[in-house]
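Hi everyone, thanks for coming. Today I'd like to walk you through some side-chain contacts, charges to begin with and rings after that. Here is the structure.

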Amino acid sequence: MRSILPRIAARAGFAAALSLTAAAPALADGFKLSEYSSRDFGMANAGYAALAADPSTIWSNPAGLTRLEDWQVNLGAYYIYGRGEFENDGSTGPFGQPLTGTEEDDLFNDEVIPNLYVSAPVSERVTLGLGVNAPFGLSTQYEPSSLTRFQAVKSSLRVVDINPAIGFQLNDQLSFGLGVSAQYADATLANNINFTAACLSQAPAAACTSAGLAPQTSEGFVRVKGDDWSYGWNAGVLFEPEEGTRVGFSYRSEVNHELGGEAEFGTPPGAAIFAPAFTDTAASAPLDLPSEAAVSLRHEVNGAFAWNATVRASFWDLDALVVAFDNPAQPASRETLGYQTAVKASFGVEYAPRPDWVLRAGLAYDESPADEDDRTARVPDTDRVVAALGASWTPSEAFSVDLGYQHLFFDDAPINHVGSGGDRLVGEFDNTADLFGLGLTWRR
């Protein structure tokens, strides 16, 4: 039996093929978040690089800092209520037999996403800023008995970005800005291991039975935790050819993480003989987060009405994730993601019925970076339409309150994905989400 251990470990290497990614239906594309500004939130991010209404412009276009007067502090929070269901349509085990397990009716975890921004003018033409937000993350959680369990049980990613920035006003029409990012990423992932299937793929049934590996019952698990600090930068230009019209362009660099941490394995009774391969060990994986570019146009028709439009591209280049283990008996694993460039196009309007109130609405089409062939249970992503509403109340010059709501309409998300262990997940995900945003801004 020991002579086949390396082959069994390779066959069961899927147990450690953990995509260091996480998803929820509220994600902008893949596992990227768009909840950076409570004001722009109410227009489906249509004002992204040209709105420059509060210190959140640090993230979307640091050139917009020059349009802010006095010290400002903006605090925002977003509640994401997502629902995801999986309906089975003939999923099979590694030898073609029907896969046993439960279907899912609520695979997405509800989340709260906070952010904080501060801006401070230091001269008539220079303004400093500091932003802290969460540009990537959220999670999926399946039941341990789910049909997905050999491909995904838990996927959780948290990314926090600390972004100091500076804006320069060259003249009344043109400004530019620069920023740097210190970014922390933390991931926790888990899935089950089908030890019986791994054994039967390389050894006679009698040998597996004698080891105590009963069909459909001998399952273990793997859990990987890792984190990393990495760095990037952002820049932007804001041009105002005439009063009331702005054109903004912004760019954020990619951030390349090397996540490092520990892999924890659990083996069922009778599988102790596999201990050399399935023992706790250090693990690592690269995670390349995309660069992005955006162009926005804002036009104030009159003192009460304005419209905004944005096209933003996320330049994903994440074909696969390779997880390496310090334990030489556990081979490295590879999971295909197939992430490519995704585009989000938004249009939104603002209407001020009175000086202390502004009403907003927006609509966006948001592409997924993965096509149907690369869809996974960890990230059951698909294209979506975003409908948004928002409002701001400014009771005094020193304080304002922003409210926003979004509903996400997802395309159908069929899946026909073969895991590294040979099981095939066949069915369809039905996803939807509602998002609620609140922002507070103080000025001095």
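So, which kind of contact do the side chains of aspartate 381 and arginine 384 make? They meet in a salt bridge, with N to O at 2.3 Å. Please keep in mind that this is a predicted model, so read that distance as a computed value. As for the surroundings, aspartate 381 is buried, at a relative accessible area of 7%, and arginine 384 is buried too, at 1%.

That pair belongs to a structure with 16 salt bridges. Some of them share partners, and in this way Arg298, Glu300, Glu350 and Arg360 are joined into one network.

Let's look at arginine 298 in that network. Its side chain meets that of glutamate 300 in a salt bridge of 3.6 Å, N to O. Arginine 298 also forms a salt bridge with glutamate 350, and there the closest N and O atoms are 2.5 Å apart. This second pair links distant parts of the chain: glutamate 350 is in strand β14, residues 342–354, while arginine 298 is in strand β10, residues 291–300, and the two are 52 residues apart.

Buried or partly exposed, you may ask, for glutamate 300? Glutamate 300 is partly exposed, with a relative accessible area of 36%. Arginine 298, in contrast, is buried at 10%, and glutamate 350 counts as buried at 7%.

Now for the rings. How many aromatic pairs does a search of the whole structure find? It finds 18. Take phenylalanine 41 and tyrosine 78: their ring centres are 5.4 Å apart and their planes stand at 50 degrees, so the pair is tilted. Phenylalanine 41 lies in helix α2 and tyrosine 78 in strand β1, so this pair ties together parts that are 37 residues apart in sequence. Phenylalanine 41 is buried, with a relative accessible area of 1%, and tyrosine 78 is buried at 1%.

Another tilted pair is phenylalanine 399 with tryptophan 442, at 5.8 Å centre to centre and 45 degrees between the planes. Here strand β17 holds phenylalanine 399 and strand β19 holds tryptophan 442, so parts 43 residues apart in sequence are tied together. Phenylalanine 399 is partly exposed at 23%, and tryptophan 442 is partly exposed at 38%. Elsewhere, ring pairs link Phe31, Phe136, Trp316 and Tyr339 into a cluster.

Finally, charges and rings together. The charged end of arginine 252 sits over the ring of tryptophan 59, 3.4 Å from its centre. Arginine 312 has its charged end over the ring of tyrosine 48, at 4.3 Å from the centre.

Note on methods:
Residues numbered from 1 in each chain as written. Predicted model: local features only at pLDDT ≥ 70, side-chain atom pairs only at ≥ 80, totals over all residues. Heavy atoms only, no water. Salt bridge = Lys/Arg side-chain N within 4 Å of Asp/Glu carboxyl O. Buried < 20%, exposed > 50% of the residue type's maximum accessible area, 1.4 Å probe, protein only. Helix = DSSP H or I, 4+ residues; strand = E, 2+ residues; numbered from the N terminus. Phe/Tyr/Trp six-rings, centres within 6.5 Å; stacked < 30°, edge-to-face > 60°. Lys NZ or Arg CZ within 6 Å of the ring centre and 35° of its normal.
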